[in-house]
Amino acid sequence: MTLTDDKRALRSAMLAWRGTLDEEERRAAVAGLLATLRRERPIETPAVVSGFWPIKDEIDIRPLMIELFNQGCQLALPVVQGRGQPLLFRAWRPGDPLEAGVFGTLQPSARRETLEPDVLIVPLLACDEEGWRLGYGGGFYDRTLAGLRARRRVTAIGVGFDAQLVPEVPHGLGDQRLDWLLTDRRACAFV
């Protein structure tokens, strides 16, 4: 099998698993994620933090983003600029209206200020104990992280359900490692 095949197989398995979670499990995971953030403190505040609006059965990080806002962080949400392009980040505050983006995402209005984050909260389908992340396959976060890291230090924090921590994630030359994984049960820092 090729790297692409390996990624596709793991992606399919993780999407299927995540789709089996019921609402009670999802609510408990959100509470656990907040508790982990409060206990482990992987984000030094204040900071410019990009989050994401959850899609496709992703863990709901909106309460986590509100917590960070209340701690003095300036928030942003990603905007897909186009295939093969890095993400752009626009300022967002809890309660701000959002517009439809691509792939079923919601994003701040084009009238909102563009920001460059210090910390990126990154969605994932799987992560391993070395910090390798599997996303949906578009490479948007890998390109974005590569560009930001070429200019300055940024922190990438993957968030997900604890069962999304797997023994191994297939990865290649263009893939970017996470600095942290934050789940409903633990925080892992990757060196």
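1. The largest cavity first: in this predicted model, its walls come from L37, P42, I43, L64, L68, I121, I157, V159 and L182. The volume of the largest cavity is about 30 Å³, and the structure holds one cavity of 30 Å³ or more. If you're wondering about character, the lining of this cavity splits into nine nonpolar residues, with no polar and no charged ones. Two elements, helix 3 and strand 10 (155-160), each bring at least two residues to the lining.

2. Next, the helix pair beside those names. How do helix 2 and helix 3 sit relative to each other? Their axes, for residues 23-40 and residues 62-70 respectively, come within 9 Å and cross at roughly 30 degrees. Angles under 35 degrees count as roughly parallel, and helix 2 and helix 3 are therefore roughly parallel to each other. The crossing of helix 2 past helix 3 is right-handed. On the helix 2 side the contact uses V30, L33, L34, L37 and R38, while helix 3 puts in P63, L64, E67 and L68. Sorted by class, that contact has seven nonpolar and two charged residues, with no polar ones.

3. A link between points 1 and 2: L37, L64 and L68 belong to the lining of the largest cavity, and L37 of helix 2 also takes part in the helix contact, as do L64 and L68 of helix 3. Worth having those three side chains on screen when you look at either feature.

4. Now the open sites. What volume does the largest pocket have? It comes to about 770 Å³. Its lining counts 34 residues, and the ones nearest the centre are Y136, G137, G138, G139 and F140. By class, the lining divides into 15 nonpolar, nine polar and ten charged residues.

5. Which element gives the most to the lining of the largest pocket? That is helix 1, with five residues. Helix 1 (3-19) is one of several elements that each supply at least two lining residues, along with strand 2 (74-80), strand 5 (106-107), strand 9 (133-134) and helix 4 (140-151).

6. The second largest pocket encloses about 180 Å³ of space. Lining this pocket are W17, L21, E25, A28, A29, G32, F161, D162, A163, D184 and R185. Here helix 2 gives the most, with four residues. The class split is six nonpolar, one polar and four charged. So helix 2 turns up twice in this note: it leads the lining of the second largest pocket, and it makes the contact with helix 3 through residues including V30 and L33.

7. Two backbone details to check before you set anything up. First, the peptide bond from T45 to P46 is cis, with omega near 0 degrees. P46 lies in the loop between helix 2 and strand 1 (48-50).

8. Second, K56 is not a glycine, yet its phi is positive, at about 50 degrees. Where is K56 found? In the loop between strand 1 and helix 3. Strand 1 thus has the P46 loop on its helix 2 side and the K56 loop on its helix 3 side.

Methods
Residues numbered from 1 in each chain as written. Predicted model: local features only at pLDDT ≥ 70, side-chain atom pairs only at ≥ 80, totals over all residues. Heavy atoms only, no water. Axes fitted to C-alpha atoms, helices over the stretch in contact; angles between N-to-C directions. Parallel < 35°, antiparallel > 145°, perpendicular 65-115°, else oblique. Left-handed = near helix turned anticlockwise from the far one by under 90°. Contact = heavy atoms within 4.5 Å. Nonpolar A, V, L, I, M, F, W, Y, C, P; charged D, E, K, R; others polar. 1 Å grid on protein atoms, 1.4 Å probe; cavity = no way out; pocket = protein on both sides within 12 Å on 5 of 7 lines; lining within 4 Å. Points joined across faces, edges and corners; volume = space filled by probe spheres on them.
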